[in-house]
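Got a model open and want to know how its parts sit together? Let's walk through it one question at a time.

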Amino acid sequence: MKKVLLPLLAVMLVLIMCACETGADPTTNPGTTGSTTSTTTTGSTQSTTSTTTSTGATASTTATTPTNVTTPVTTPTGTTPVVTTPAATTPAVTTPAVTTPAVTTPAVTTPAVTTPAVTTPAATSCSHSWQDATCKAPKTCTKCGAKEGSVGAHTEVVIPGKAATCTDTGLTEGKKCSVCDVVTKTQQTIPTIAHTEVDVPATATSCKAPGLTAGKKCSVCGTFTVPQQTIPALEHTYGEWSLGQEATCNTYGYSVRTCSVCGHEDKEDIRPTGIHEYVNGKCACGYEIQGTKGLAYKLSSDGTYYICTGYDAYKLPSKIVIPPYYNGKPVKECVGNGVVDLFDTVKEIEVSEGVEVIGRMFFYCNGATTITIPSSVNRIHGIGISCKNLQVAYVNSTGWALGTKSVDLSNPTAAATQLKKYNDGKWYTR
C-alpha cells in the first residue's frame, strides 16, 4: 500500500504548489488616484491519473486541483496593496480499493526415482558356484542363490520347413529358443502347388463290364482333374435255354443260357415238382408214404407182395391213401372186398406208385371227387372206380383200352367221366 500511496501524495503536493504559485503581481498605476485596480488570476485545472498494476489487481488514483482559484488584490490610492492569499484547499484524496492479488501455488512434481538394479552382494561365507546366465535368469549361484549381471540371449535352434505339395500347404524354415521355446523367427505358409496332370486312357465297353471315357489325373496325389465318365455295358448275346439242373420233389432246379461273347451264364429257377419218386416206398428226399390207418392187407400166394383188401373200420377218413409198401414188402394189388364202397365220407383217393392192379376197391364210393392213379397201374376193373360224383382222375400213363376199344385217359376231366361209368365184367388195360 505504501508503494501506491506515496507517489500519489507526491503528485498531489506538486499540484498544490503549482496552484499557489500561479497568479498576477499587483500593479499600481501612479497616474491614477483613488482608483482601485483589480486583477484576477484564474488558475487552470490539472488532472493527473496514476495507475499501478501488480499481479492479479489494478489500483487507480486521481488527484484534482480546484479550478478558478482567484486571489483578489485591492490597492487603494497611496496605500500599499494587501495581498490576500486564499486558504489552500486540500484536494479530496480518494483511496483506491486495495485488491489482494490471487496467489497461485505452483504444482510440485516429484521427480521419478529410478531404483538401480541391485546386485546381491556375495556372502563372504559362500564360495560361489556360478551357473551360467540363460534367457530366463542371470548368472546365479547354485549354493546361495546370489545373482549377477543380466539374463542371457536365446539359444536358437532351427524349426525345419516343409515343402508344399498339390494337396497340402508348406512352411518356411523358422527358429525358436531351445530353453524357453520362444519363437524368434516365425514360419510362413507356402501355398499349395499345381497338380501334375497325366492322361488316363479310355476303357472299351463290353457286355461283361461298362467302359470309361478318357480322363486326366495328378501323378502325385492321384486326384482326377478331368473325371472319367462311365459308358454303360453292352447287352449279352445269349443262346438257347437248356436244363442246368432238374428240379425234384422239394428242391429247385434251373435252366441256363450262355453269352457267346463273354461266356456269362444267365440262370432261371425251376420250382420243385412236389411229386415224390419212390424206391421201395421211400422218396430220395426222405419222404415215405404212410398208408391210411385201418386198411386191411393180405400176403400174396407166393409171399412176395401184399394185397390191400379194404378198410376194416366202420368210419372212414376223408382221404384214402394206398401205400407202396407194407411190412417191408411192396403193395401191388388193391382189389377190395366191397368194404370201402358205399361210404360217402371219402372225398379223395390216392394210389401210390408201385401198385399194379385196382379191382372193386372203390365201387360206389359216391362221395369221392378226386382220384390219382400212378403210371405203375396196368389194370383197372370196370366197376372199380364207379363213383358217380367223380370230377377229376389223374392217370399218369397212356395206351389204355376197355376190352378191345382204346380209351384216352390223359385228360383228368374226361378220364373221370370215363372211369365212373358202370362197366361190369370189363377191365381197363394197357
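Q: Leaving aside neighbours within four places in sequence, which residues is Gly359 in contact with?
A: This is a predicted model, so take the contacts as computed ones. Gly359 sits in the loop between strand S29 (357-358) and S30. Setting aside neighbours within four places in sequence, the residues in contact with Gly359 are Cys334, Val335, His381, Gly384 and Trp427.

Q: Is Gly359 buried or exposed?
A: Being in a loop doesn't settle the matter, so look at the accessibility, where buried means under 20%. Gly359 comes in at 3% relative accessibility, which makes this glycine buried.

Q: How far apart in space are Gly359 and Thr309, C-alpha to C-alpha?
A: Along the chain, Gly359 and Thr309 are 50 residues apart. In space, going C-alpha to C-alpha, the separation of Gly359 and Thr309 is 9.5 Å.

Q: How many helices and strands are there in the protein?
A: The protein has 430 residues, and buried residues make up 25% of them. Among contacts between residues at least 6 apart in sequence, 42% join residues at least 24 apart. As for the elements themselves, the count is 2 helices and 35 strands.

Q: How much of the exposed area do carbon and sulfur atoms supply?
A: The area that the protein exposes is about 27500 Å². Of that area, the part supplied by carbon and sulfur atoms is 53%.

Q: Which residues of helix H2 are buried?
A: Helix H2 covers residues 412-419. What covers its buried residues includes strand S30 (370-373), strand S32 (392-395), strand S33 (400-402), strand S34 (405-407) and strand S35 (427-429). The buried residues of H2 are Ala415, Ala416, Gln418 and Leu419.

Q: Why do the buried residues of H2 count as being on the same side?
A: Start with the general geometry: an α-helix has 3.6 residues a turn, so residues three or four places apart point the same way. In H2, the buried set is Ala415, Ala416, Gln418 and Leu419. They lie on the same side of H2 because the arc they cover around the axis is only 165°.

Q: Which backbone nitrogen does a side-chain oxygen of Asn411 reach at the start of H2?
A: Look at the start of H2, where Asn411 offers a side-chain oxygen. That oxygen comes to within 3.0 Å of its partner, the backbone nitrogen of Thr413.

Q: Which strands stand at the edges of the open sheet S5-S6-S7?
A: This open sheet has 3 strands in the order S5-S6-S7, and the pairing is antiparallel. An edge strand here has a single partner strand, so one side of it is left without a neighbour in the sheet. That describes strand S5 (130-131) and strand S7 (147-148).

Q: Which residue stands opposite Thr140?
A: Thr140 belongs to strand S6, which spans residues 139-141 and pairs with S5 in the antiparallel sense over 2 bridges. Across from Thr140 stands Gln131.

Q: Is Thr140 buried or exposed?
A: Not counting residues up to four places away in sequence, Thr140 touches Ser129, Trp130, Gln131, Gly145, Ala146 and Lys147. The cut-off for buried is under 20% relative accessible area. Thr140 has 14%, so this threonine is buried.

Q: What does Glu148 form a salt bridge with?
A: A search of the whole structure turns up 5 salt bridges, and Glu148 takes part in one of them. Glu148 is partly exposed, with a relative accessible area of 30%. Its partner is partly exposed as well, at 28%. With the closest N and O atoms 3.4 Å apart, that partner is Lys139.

Q: How many residues apart are Lys319 and Glu348?
A: The side chains of Lys319 and Glu348 meet in a salt bridge (3.8 Å, N to O). This pair links distant parts of the chain, with Lys319 in strand S25 (residues 319-322) and Glu348 in strand S28 (residues 348-351), and the separation is 29 residues.

Q: Which residues are linked with Lys319 in a network of salt bridges?
A: Besides the bridge to Glu348, Lys319 forms one with Glu350, the closest N and O atoms being 3.2 Å apart. That pair is 31 residues apart and also joins S25 to S28. Lys319 is partly exposed at 33% relative accessibility, and Glu350 is partly exposed at 24%. So the residues networked with Lys319 are Glu348 and Glu350.

Key: Residues are numbered from 1 along each chain as its sequence is written. This is a predicted model: local features need pLDDT of at least 70, side-chain atom pairs count only at pLDDT 80 or more; totals for chains, interfaces and linings use all residues. Side-chain values use heavy atoms; hydrogens and water are left out. A salt bridge is a side-chain nitrogen of Lys or Arg within 4 Å of a carboxyl oxygen of Asp or Glu. Buried means under 20% relative accessible area, exposed over 50%, partly exposed in between (1.4 Å probe, protein chains only). Helices (H or I, at least four residues) and strands (E, at least two) are DSSP runs, numbered from the N terminus. The arc is that of the directions from the helix axis to the C-beta atoms. Contact means heavy atoms within 4.5 Å. A polar contact is a pair of N or O atoms within 3.5 Å; within protein, one must be able to donate a hydrogen and the other to accept it, and residues adjacent in sequence count only if both atoms are side-chain atoms. Accessible areas come from the Shrake-Rupley method with a 1.4 Å probe; for residues, only the protein chains shown count as cover. Two strands pair if DSSP finds at least two bridges between them.
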